[in-house]
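Reader: I am new to reading protein models, and I would like to learn how to go from a picture to careful statements about it. Could you take me through one, feature by feature?

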Amino acid sequence: MFRRTLLRTAVAAAGIVLAASGASAQETFKVGLILPMTGPFASTGKQIAAAANLYVQQKGAVVAGKRIEIVLKDDTGVADVTRRIAQDLIVNDKVSVIAGFGLTPLALATAPLATQAKTPMVVMSAATSIITERSPFIVRTAQTVPQIVTPFAEWTLKQGIKRMATLVSDYGPGHDVEKFYSDTFRAGGGTIENLRVPLANPDFAPFLQRIADMKPEAVLVFVPSGVGSQFIKQFVERGMDKSGIRLIATGDVTDDDILNPMGDVALGLVTAHHYSAAHDSPENKAFVAAFRAANGGMRPNFMAVSGYDGMHAIYEGLKKSNGQGGEALVNAMKGLSWMSPRGPVSIDAETRDIVQNVYIRRVARVDGELYNIEFETIPNVKDPAKGK
Amino acid sequence: MLTILFDGIAYGMVLFVLACGLSVTLGLMNFVNLAHGAFAMAGGYTTAILMNRYGWSFIATLPMAFFVPALVGLLLERTLYRRLYGASHLDQVLFSIGLVFMAVAATDYFMGSQPQLIQIPEWLRGRVDIFGVQVGLYRSFIIAVCGVLVIALQLVLTQTRFGSRLRAAVDDPRVARGLGIPVEFVFAVTFAVGSGIAGLGGALGAEILGLDPTFPFKFMIYFLIVVTVGGTSSLIGPFLAALLLGIADVGGKYFVPELGAFVIYTVMIVVLVFRPKGLFARG
Amino acid sequence: MAKFADSVADRAAASLLKRGRWRPAEILFWLVAFGAVYALPGHHLILNEIAIIGLFAVSLDLILGFAGIASLGHAAFFGVGAYAAGLLAIHVTADPVLGLVFATLLMAVVGYVSSFLVLRGADLTRLMVTLGVALVFGEIANKNGWLTGGADGLQGIFMAPVFGVFEFDLFGRTAFAYSLVVTFLLFVVARRIVASPFGLSLLAIRDNPLRARAIGIPVNARLSAIYAIAAAYAGAAGALLAQSAQFVSIDVLAFHRSADVLLMLVIGGTGYLYGGIVGAIVFKVLQEVISDWTPQYWTFWVGALLVVLVLVGRDRVGARVSQLWARLGRGTR
């Protein structure tokens, strides 16, 4: 009994401390950026962190009377660490926004916390559709898988392709790609076969042989960005590009970060995605130039642009909420729309998910470097998995 | 069908080249060097840097992919590894895992975390049709290189004076020393060569397995499987084990893709439970 | 003759009692640990994690430090225990204590069964088999997404308050207190086990299996037993993680968990039970400090520490620690 009372007192005391610090936080407004900075997904973390810092550098650290401070933490891509860090940041560092989240499980593990602590959570990379439904405090500035593949499937059908195969990595986003692409494709009258490869898979040979045996008209690939180049090289090495099987992919495979070193094998590859470093707009040119200058020539990719836009959403949200955090900030971020380096984007007021253009691109050599060159635009795509 | 067999063999060969240095240090020098993959990575990065930054041709980088890790291996052997020859396996495991941690972080720091890509020369790309079997040129190249390597290593170990000295030094260092065999020198050279071969494997395998800073961790398990399943008493054991594993893995993924990585792990456990000293161990 | 036997038995009993006696330093250690529940309110999350992995490391110490079984796959039991507790919470009952007991007992059974795989062969074979078993479990969890949530992790765990009273709060206070109590109780049991004749027979096996067999110790049965106990401990630690995080990721079965716990145990020193906990504290604090300082490259320094530790001789470090321990406790180990 004594313990219980003591516990209550302590919790109450902590509550007061928290409230007090909320009042004194007039000066600083901390954004906890939780990213995989080590481990296999470290490049995600680096891109996003670099872009977020760039944003603060460009727009100044002061917004709506508050000084923005980014607290960067490495979760090594491990979900319970992400959650623990998020909790730690909220409780101890008193951050007002948690952001980042490189992978779906990391975001899902943290979602209940955002609700519990009423802390806005800006998802800058994880792409599984359901994430934003897990907490009313989640806002996403990345992309969702169905948002990319559903219009892509429609586009493929329009090219007169009727027999497809998919090859996806055997994990959440991969299953999403497979499902949403296949559903749309079948609904449009096509036939499609599905193949899954283990996530930690060094050699694609057996799977490529399967595809060669299936003889589809085209094959859609979704694998995490690093492995993608491996796949394409082996695809070309087996002469499958000449056997009449067209290779198409989501933009993860031709990630700007690694596209150039992939070399000529990638030439002509058609992908669908929401951002290319070669996107032709003044906003993007400025962004790419600044990003490169600040990061030793590193080319920004779609993750970087999500990090950049994520910070933008927080800044604009703060302006609208007059510096208030919590629910007010989430509400302020709903319905925001702006010109991003990737093109016009907005935050859907109902789903808190991003609405953006999806581009069909082709890999081509420009000024001696490989880029994804956009040639078709599907404007203002909402996440098709929601609000049906 | 035969294509799958061929791919499996090529895959197994790469595994062997990567692992055979380990089987030398483990089998002959009784040292569990989990950092073996780090040497392989060093070789891969040597090739990638020379090709991408200095425009060397792929073939020209291969000797460097051998020598650089061999040199690093020699240095580390002289300074660090040497002290742990008598230590328990656990100590060796811990020490070498520590090295892996350092290697991974250092590579990440200097080279960035993105995967390194290399362009194999034009004449190794594509595939040819031999008796109705589609054969990838690069994979044939790998098989050829590895085949030569296996034969050469086996000859060195069994036929040369160095080989017999090495075996003597391993069996009983004290007596060997008494007989005038420069044990330290023999060990150092062996270690360096083992590291060099791993580097070569890393360079050859970069195209098939990929190359990024987490390479030593990703493939450590594969190397260990090859070596433990093959047994450590000869080179032939790991060689056959690597082939078996390569074929089983590729074939398993082709015929029953749902099972994924089960095949390779289960094979390992079953073999080790019934033949704790490895499949091809003598005695 | 009978008298002589008596006196040997007496001496043995006395030595066991001496081994089992609580030293002041130990009491102080636990007082400080429990004091942290009140004294360090801002750090309960990390403390909770330390308590959990500390328990996990103690479990590894039971087999490595006391029975000489090296394992690179101890996460198998940790992970399956976490899933067991998580699944029980979702489908059957949200009571944490029941979940903990369930996971612990289940892992004892799994550990006992798998001990027959592990006990064959020498060090290296054991390392590889334990590693293989953990990998297979990981693959099973990954493939059976309908049950485990696959790579997305096991979502939707909701835990009832401990004993219906203490709710899991955002600050991790309840979680820490709960984990600490469990860790403490299990630690006391472990301490009792290693100071028993059974524990002594394990040491004999560790130091010389052949001789141990020759003097009539049923070597394999004893090893199976301690392996099952260690598995149960690891399962308990996993259950604590699942319950306090209210979430289980596939990562609980990953290789790096097994490697990390081995590392902690080695940092803290094997064979005196506190090594696991000390190692967990040092490792986590180091990780926090270094990764704040350089989030990207902290693994480098952890690796360097490990290399230095082995080169200096972890026995020597261990001996230094236990000397200190003995001096503090004015007793012998």
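Author: What follows is a walk through this predicted model, from the overall form of one chain to sheets, a helix, contacts between chains and single residues.

Reader: Where should I begin with chain A, and how many helices and strands does chain A have?

Author: A good start is to list the elements and then look at the overall dimensions. The secondary structure of chain A consists of 12 helices and 15 strands, and its C-alpha atoms fill a box of roughly 75 × 50 × 35 Å along the principal axes. A compact globule of 388 residues would have a radius of gyration near 21 Å, and the 22 Å found for chain A agrees with that.

Reader: What share of the residues in chain A is buried, and what share of the contacts joins residues 24 or more positions apart?

Author: Of the 388 residues in chain A, 59% are buried. If we take the contacts in chain A with a separation of 6 or more, 68% of them are between residues 24 or more positions apart.

Reader: How do I read a sheet, and in what order do the six strands of the open sheet in chain A lie?

Author: The general idea is that strands of a sheet pair through backbone hydrogen bonds, either parallel or antiparallel. In chain A, six strands form an open sheet with mixed pairing, and their order is β2-β3-β1-β4-β5-β6. The edge strands, each of which pairs on one side only, are β2 (62-63) and β6 (138-140) of chain A. Within this sheet, β4 (residues 97-100) and β5 (residues 121-123) of chain A run parallel and are joined by three bridges, with Ala99(A) standing opposite Val122(A) in β5(A).

Reader: Which strands of chain A are joined by bridges to β10(A)?

Author: One of them is strand β9 (residues 218-222) of chain A, which runs parallel to β10(A) and is joined to it by four bridges; here Val219(A) has Leu247(A) as its bridge partner. Strand β11 (residues 270-273) of chain A also runs parallel to β10(A), with three bridges between them, and Thr250(A) has Ala272(A) in β11(A) as its bridge partner. To get from β10(A) to β11(A), the chain passes through helix α9 (residues 256-262) of chain A, in a β-α-β crossover that is right-handed.

Reader: Why is β10(A) described as largely enclosed by the rest of the structure?

Author: The reason lies in a count of burial: four of the five residues of β10 (residues 246-250) of chain A are buried, so the strand is largely enclosed by the rest of the structure.

Reader: How can I find the sides of a helix, and which residues of α9(C) are buried?

Author: One way is to mark the buried residues and ask where they point. In helix α9 (residues 197-207) of chain C, the residues Gly199(C), Leu202(C) and Ile205(C) are buried. They cover an arc of only 115 degrees around the axis, which puts them on the same side of α9(C). On the other side of α9(C), Pro197(C) and Asp207(C) are exposed. The buried residues of α9(C) pack against α3 (44-67), α8 (173-194), α10 (209-214) and α11 (219-245) of chain C.

Reader: How do I describe the contact between two chains, and how many residues do chain C and chain B bring to theirs?

Author: It helps to count residues, then ask which elements and classes they belong to. The contact takes 31 residues from chain C and 34 residues from chain B. On the side of chain C that touches chain B, α6(C) gives the most, with 13 residues, and by class that side has 20 nonpolar, six polar and five charged residues.

Reader: How should I look at one residue, and is Gly196(B) buried or exposed?

Author: Neighbours in space are the thing to count. Gly196(B), found in helix α8 of chain B, is buried, with 25 other C-beta atoms within 10 Å. Leaving aside neighbours within four places in sequence, Gly196(B) is in contact with Phe66(B), Phe67(B), Pro69(B), Ala70(B) and Gly73(B). As another case, Leu305(C) lies in helix α14 of chain C, and with 19 C-beta neighbours inside 10 Å, Leu305(C) counts as partly exposed.

Methods. Residues numbered from 1 in each chain as written. Chains lettered and ligands numbered in written order. Predicted model: local features only at pLDDT ≥ 70, side-chain atom pairs only at ≥ 80, totals over all residues. Helix = DSSP H or I, 4+ residues; strand = E, 2+ residues; numbered from the N terminus. Rg over C-alpha atoms; globule rule 2.2 N^0.38 Å. Buried ≥ 20, exposed ≤ 12 C-beta atoms within 10 Å, placed from the backbone. Contact = placed C-beta atoms within 7 Å. Pairing = 2+ DSSP bridges. Right-handed = clockwise from strand over helix to strand, strands pointing away. Arc of directions from axis to C-beta. Nonpolar A, V, L, I, M, F, W, Y, C, P; charged D, E, K, R; others polar.
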